[in-house]
Amino acid sequence: MHWHSLSIEETIRELKTDINKGLSQNDVKERQKQYGKNILEAKKGKNLLQKFIAQFADFMIIVLICAAIVSLAVSYMDGNPDFVDPVIILMIIFLNAFLGVLQESRAEKALEALKKMAAPTAHVLRESRVSEIPSSELVPGDVVILETGCFVPADCRLVHSVNLKVEEASLTGESHPVEKSANVRLLPETNLADRKNMVMATSTVLYGRGVGVVTATGMNTQVGHIARMIMEDDTPDTPLQKRLAKTGKVLGISALIICIMVFLVGIYKKLPPFDMFMTSVSLAVAAIPEGLPAIVTIMLSLGVQRMAKKNAVIRKLPAVETLGSATVICSDKTGTLTQNVMTVTEIASVNGKEEMKSDFGFFLLSHAALCSDSILQTENSLPVISGEPTEKALVLAAYNTGADKNQLDLAYPRIYEIPFDSARKLMTTVHKSSEITAYRSITKGAYDVLIERCTHIYKDGKPHPLSVRDKNKLNSINNTMTGRALRVIAVAYKNLSRFNPTTDASSLEKDLIFIGLIGMIDPPRKEVKEAVRVCKQAGIKPVMITGDHILTAQAIAKDLGILTNPAEAITGEELSRISDERLNDTISRYSVFARVSPEHKVRIVKAYQNRGEVVAMTGDGVNDAPALKAADIGCAMGISGTDVAKKASDMILTDDNFATIVYAVQEGRGIYENIKKAIHFLLSSNIGEILTIFAAILFGLPSPLVAVQLLWVNLVTDSLPAISLGVEPAPKDIMKRKPISPKKGMFADGLALQIVIEGILIGSLALTAFVIGVRYYDHHSLHESNTFIPWVGRTMAFSVLSLSQLFHSFNMRSHRSLSEIGIFTNKKLVISFLICSLLQISVVSVPPLARVFQVVPLSIRQWAIVLMLSMAPIVVVELQKKFNNKRHSS
Ligand code: ATP
């Protein structure tokens, strides 16, 4: 169907809809059955089996499987087939793959849920009511409202449009805004880019507003035809993941070299070559930290899920890491620091404060209501107003003085408008009126902008020329109102005998007659004061950016603790006058930017970044998108934010709240800390294992652990505690620390050395257990290496290696002593510890398992030795923590 070639009436008839009422719920249900959901079919993800198979696509795992098969073949040819070892190796690999799939699915689910939360919505008229619904539920025939900044949710034929400009680059390649108009009819062969009366799914409204009837949904839309995806699907690796992948490679190569050396030394010492081969391969599989990036992904996704529950929806995974490094948070005022619940509290004329319920009040407020887009409805004879908070307040105040917007609209129908724009800070409407003159244009906006466009003033019921004295009086009234933290809207008008819709804004918005000022209050959000305090304590500078008047901004910033000295505030005008270099030098002085336009935001972000700061920036409008992109962490508003702003952001605040950013920073720091703990744990454990085998072979001892044991420790008993460390609650003092410096690597501040020392400790403990076992219980001299099997020695070394790591995992939790933070405060870690210890004890004590793992049950005395040695890391690290803390406090 060539919808663009039909008239509006034909379209409505064809789609069996009603543009005044919209579809009925029954129509919707039927059409949903017929057309399905308004979504594009996404690429299918991997299914469970594919995910499982992918776990084996690792070079070392393949080598291990080959080694197991070779070992089976060799033993078979020897006439003494050994099925146990290869089968156990395979089982361990399977178990590991299973755990991998489980974690991966959890991470995926977390991200999937997030995508749903960030899914676009649409304003639709159904059964005479406008409501916001998920775009996926739209059907052909639905009447959708299109506003500045929203995504076009489906292909629509326009039925109404006001200055509508749309960006449809993703469809037509045209990157400039394209003007659209409902009142044209085109030839059927008109190509996509020229269909002025249609808007297509995935484009965005950059300016103006309109109403459209949905003509196609889902895969039937133009974008569906070319099968493009709405949401970018790929999540790029985060900087940390990339860095870790690199570190992993270096560690992996070193581990490989050590394993080759172990093998060669073993051969030289005449240890059985095949056993040596299996041990070296297992050691390589165990010690190469190929799982590090995966652990980071899992922790990031779980953290992201936690954050989403607290209103911070992360759109781009790297943002979590960047959050922990944030040093400046630039926040909008309205709605983020304040409640965005506006109430008109006073009005003023040139004579000063006026009564709202007066002739002047009626005149001023009815003009303000006429020049507003809010919709007034009455329910049980009470006014219910929807729309933008500033305008809602105006329409309600007008209603309370007896000026009903709906009646006003009927008497003075709007025939033209120039929408509000935070760069111009003005809005104008033109109305037809039979009474006074032919037309009246009304302009409302920021006082300081509007007064410059006025030549007359309305007083004593009629216009008079605007004198300097009047202007001075008005300036001082405006200053007292803004100084009391009020948002002030000024209103003016002029009569026109003729009106031409092609008139440009500058001629409509000049020679105006000033009426008066309307002051409204927007109280600060309760939780913000505390959040600002936390921010400062955490070494982060909170900054207010607002379109409001400097005095209003200063008053609120002072109340919230953002500003202490009025000199910390600067206006957009002053900002425009200083050069970029000077701004770089002076930016740290300011904490409030008032009367700024969205373009200033990019300069502010850049100036901070040039000083080495990591900047979080909030935004909601279409023209905030560049600043959101430029910031290190762009935060879009979930409630008041436009789709364009959301798309440009790294994080969406679903409650539009400043305190949520501060919470997200805290989480970001906590997640980074936990990732660091898991890595610390895994690497020190790996080093411990390599050293145990390497040192034993170097000293000419028999190998203290066999292949299956090594694999067991690494692939099974190590992974649970590592993941549990990821859910460690953020330390209480995390917001008392300085932001994480992005320049410092993860292993800075002596962490690398600490890891190596702990690795040596674990390795020595396992070796000690081995030596004790061989000497005192296997009753052998340590140097008859190739002639006997050190059963007890191996069992004890195996158990110490596994248990000491389990104990060691508790050391990772904090730099503070366990007695301070409490042993049971991370329940998941305690459970992991119990499960893994039980598994380890069963492997040793249940005879069939013991046979498989080539160990023997231990006596109580032997267990006591194992336990004592295994607990040593806790004792040593606790002592070290005590020593360090004393040194810091002294
Ligand atoms: P921010 O959200 O960035 O803190 P803001 O919302 O206060 O800032 P803008 O919305 O750009 O900033 O408003 C700037 C000024 O424009 C306000 O101080 C007010 O005087 C005026 N203004 C705001 N909304 C409207 C509107 N709907 N119509 C006319 N003027 C408006």
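Q: If helices (H or I, at least four residues) and strands (E, at least two) are DSSP runs numbered from the N terminus, how many helices and strands does the secondary structure of the protein come to?
A: In this predicted model, where local features need pLDDT of at least 70, side-chain atom pairs count only at pLDDT 80 or more, and totals for chains, interfaces and linings use all residues, the protein comes to 33 helices and 26 strands. Residues are numbered from 1 along each chain as its sequence is written, and side-chain values use heavy atoms, with hydrogens and water left out. The C-alpha atoms fill a box of roughly 115 × 70 × 50 Å along the principal axes.

Q: What makes a residue part of the shell around the ligand, and which residues are the closest?
A: A residue is near the ligand if one of its heavy atoms lies within 4 Å of it; 19 residues surround the ligand, and the closest are Lys333, Thr334, Ser422, Arg487 and Asp548. The shell divides into 5 nonpolar, 5 polar and 9 charged residues, where Ala, Val, Leu, Ile, Met, Phe, Trp, Tyr, Cys and Pro count as nonpolar, Asp, Glu, Lys and Arg as charged, and the others, Gly among them, as polar. Strand 16 (439-445) and strand 19 (487-496) each supply at least two residues of this shell, and the largest share, 3 residues, comes from strand 19.

Q: Why is the ligand said to lie between domain 3 and domain 4?
A: Domain 3 (312-338 + 525-656) and domain 4 (343-521) both give residues to the shell, so the ligand lies between them; the domain bounds themselves come from an automatic or database domain assignment.

Q: Why does the pair formed by Thr334 and the ligand count as a polar contact?
A: A polar contact is a pair of N or O atoms within 3.5 Å (within protein, one must be able to donate a hydrogen and the other to accept it, and residues adjacent in sequence count only if both atoms are side-chain atoms). A polar backbone atom of Thr334 is 2.9 Å from an oxygen atom of the ligand, so the pair meets the cut-off. A backbone N or O atom of Gly547 lies 3.0 Å from a ligand oxygen, and a polar side-chain atom of Arg595 lies 3.3 Å from a ligand oxygen. The protein covers 91% of the 620 Å² of accessible area that the ligand has on its own.

Q: How do you know that Cys635 is not bonded to Cys330?
A: A disulfide is a pair of cysteine sulfur atoms within 2.5 Å, whereas the sulfur of Cys635 is 9.9 Å from that of Cys330, the closest cysteine sulfur, and this is too far for a bond. The structure holds 0 disulfides. Cys150 is in no disulfide either, the nearest cysteine sulfur, that of Cys156, being 9.4 Å away.

Q: Why is Cys150 called buried, and what is Ser381 called?
A: Buried means under 20% relative accessible area, exposed over 50%, and partly exposed in between (1.4 Å probe, protein chains only). Cys150, at 15%, is therefore buried, and Cys635, at 0%, is buried as well. Ser381, at 65%, is exposed, and this residue lies in the loop between strand 12 (375-379) and strand 13 (382-386).

Q: Why does Thr586 count as buried?
A: Thr586 has 2% relative accessibility and therefore counts as buried. Thr586 lies in helix 21 (residues 580-586), and its side chain reaches the backbone oxygen of Arg582 at 2.9 Å.

Methods:
Areas by Shrake-Rupley, 256 points an atom, 1.4 Å probe, with all protein chains shown as cover.
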